[in-house]
Amino acid sequence: MSKPLQHPFNKRNVAKFIEMSDDDAREAVKKLIHNTKYVSFDTFINTVINAFQRVVKIAQPNRPLFIYIDKNQQGENYEYKSNYWLYMYLKRYIDKNEKNLALIFIDSFDDVRVQNNDIVLLVDDCIYSGEQMSRAIREIKNTHDKNIDMIIFTPYISDVGKQKIMEAKTQNSSLNNVNIKTIKHTTIYPIS
């Protein structure tokens, strides 16, 4: 898989940008830049793979892992969203490294392949506001009341996003038998 271009902060350009900022905004600009963390592709992928290996260890024997992706992305094609890209990356990883485990894409918990006590991952590269993920959770169908372990699989999440996701789960009565968990993640903080 080819690696995307990487663009860490150029310290000289950052200093220039701060210097060129309006006097009234300079402290805010410094704070914003100081609190921005650059994550390289290699760091991101290593974090994802380490987290995925932890999920593989808790997978049910002889059962696939499922990845739920909401196909209704408010007018956008879900195949161009980061959660689908992450699914494709994990699919390639599992096909290459975990021969005894399948990773199956689903868009409903009512999918006949999903059974009681299965693990379903909801994946994303980063959850900041939690809007997209909570919208997807509110719309999940589980009309057969399957007992499912749903894991929010993201390496980076804000407390606000996590709270919004947990609230969305309580608003969907078809998820009463669904346990929701997160994997080990890095907490990101709001700009404010």
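Here are four short exercises on a predicted model, each with a worked solution.

**Exercise 1: Strand S3**

Look at strand S3 (residues 118-123) and work out which residues sit on each side, and whether those sides are buried or exposed.

*Solution.* Start with a general idea: in a regular strand, side chains alternate between the two faces of the sheet. Now sort the residues of S3. One side holds Asp118, Val120 and Leu122, while the other holds Ile119, Leu121 and Val123. Next, check how covered they are. Buried means under 20% relative accessible area, and six of the six residues in S3 are buried. Put the two steps together and you see that both faces of S3 are covered.

**Exercise 2: The neighbours of S3**

Find out how many bridges join S3 to strand S4 (residues 148-153), and how many join strand S1 (residues 65-68) to S3.

*Solution.* Take S1 to begin with: three bridges join it to S3, and the two strands run parallel. To get your bearings in this pair, find Ile67, which stands opposite Leu121 in S3. Then move on to S4. Six bridges link S3 with S4, again in a parallel arrangement. Here a handy landmark is Asp118, standing opposite Ile148 in S4. Finally, trace the chain from S3 to S4: it passes through helix H5 (residues 131-139), and this β-α-β crossover is right-handed.

**Exercise 3: Two helices**

Decide how the axes of H5 and helix H6 (residues 159-170) are arranged, and which residues meet.

*Solution.* Two packed helices are described by the angle between their axes and the distance between the axes. For H5 and H6, the axes come within 8 Å and cross at roughly 10°. Angles under 35 degrees count as roughly parallel, so H5 is roughly parallel to H6. Now for the residues: Glu131, Met133, Ser134, Ile137 and Arg138 in H5 meet Lys164, Ile165, Ala168 and Lys169 in H6. Sorted by class, this contact of H5 with H6 has four nonpolar, one polar and four charged residues.

**Exercise 4: Two asparagines with a positive phi**

Locate Asn62 and Asn117, then say whether Asn62 is buried or exposed.

*Solution.* Most residues other than glycine have a negative phi. Asn62, though not a glycine, has a positive phi of about 60°. You'll find Asn62 in the loop between helix H3 (41-58) and S1. Its relative accessibility is 79%, so Asn62 counts as exposed. Asn117 also has a positive phi, near 70°, and lies in the loop between strand S2 (103-106) and S3. With 47% relative accessibility, Asn117 counts as partly exposed.

Note on methods
Residues numbered from 1 in each chain as written. Predicted model: local features only at pLDDT ≥ 70, side-chain atom pairs only at ≥ 80, totals over all residues. Heavy atoms only, no water. Buried < 20%, exposed > 50% of the residue type's maximum accessible area, 1.4 Å probe, protein only. Helix = DSSP H or I, 4+ residues; strand = E, 2+ residues; numbered from the N terminus. Pairing = 2+ DSSP bridges. Right-handed = clockwise from strand over helix to strand, strands pointing away. Axes fitted to C-alpha atoms, helices over the stretch in contact; angles between N-to-C directions. Parallel < 35°, antiparallel > 145°, perpendicular 65-115°, else oblique. Contact = heavy atoms within 4.5 Å. Nonpolar A, V, L, I, M, F, W, Y, C, P; charged D, E, K, R; others polar.
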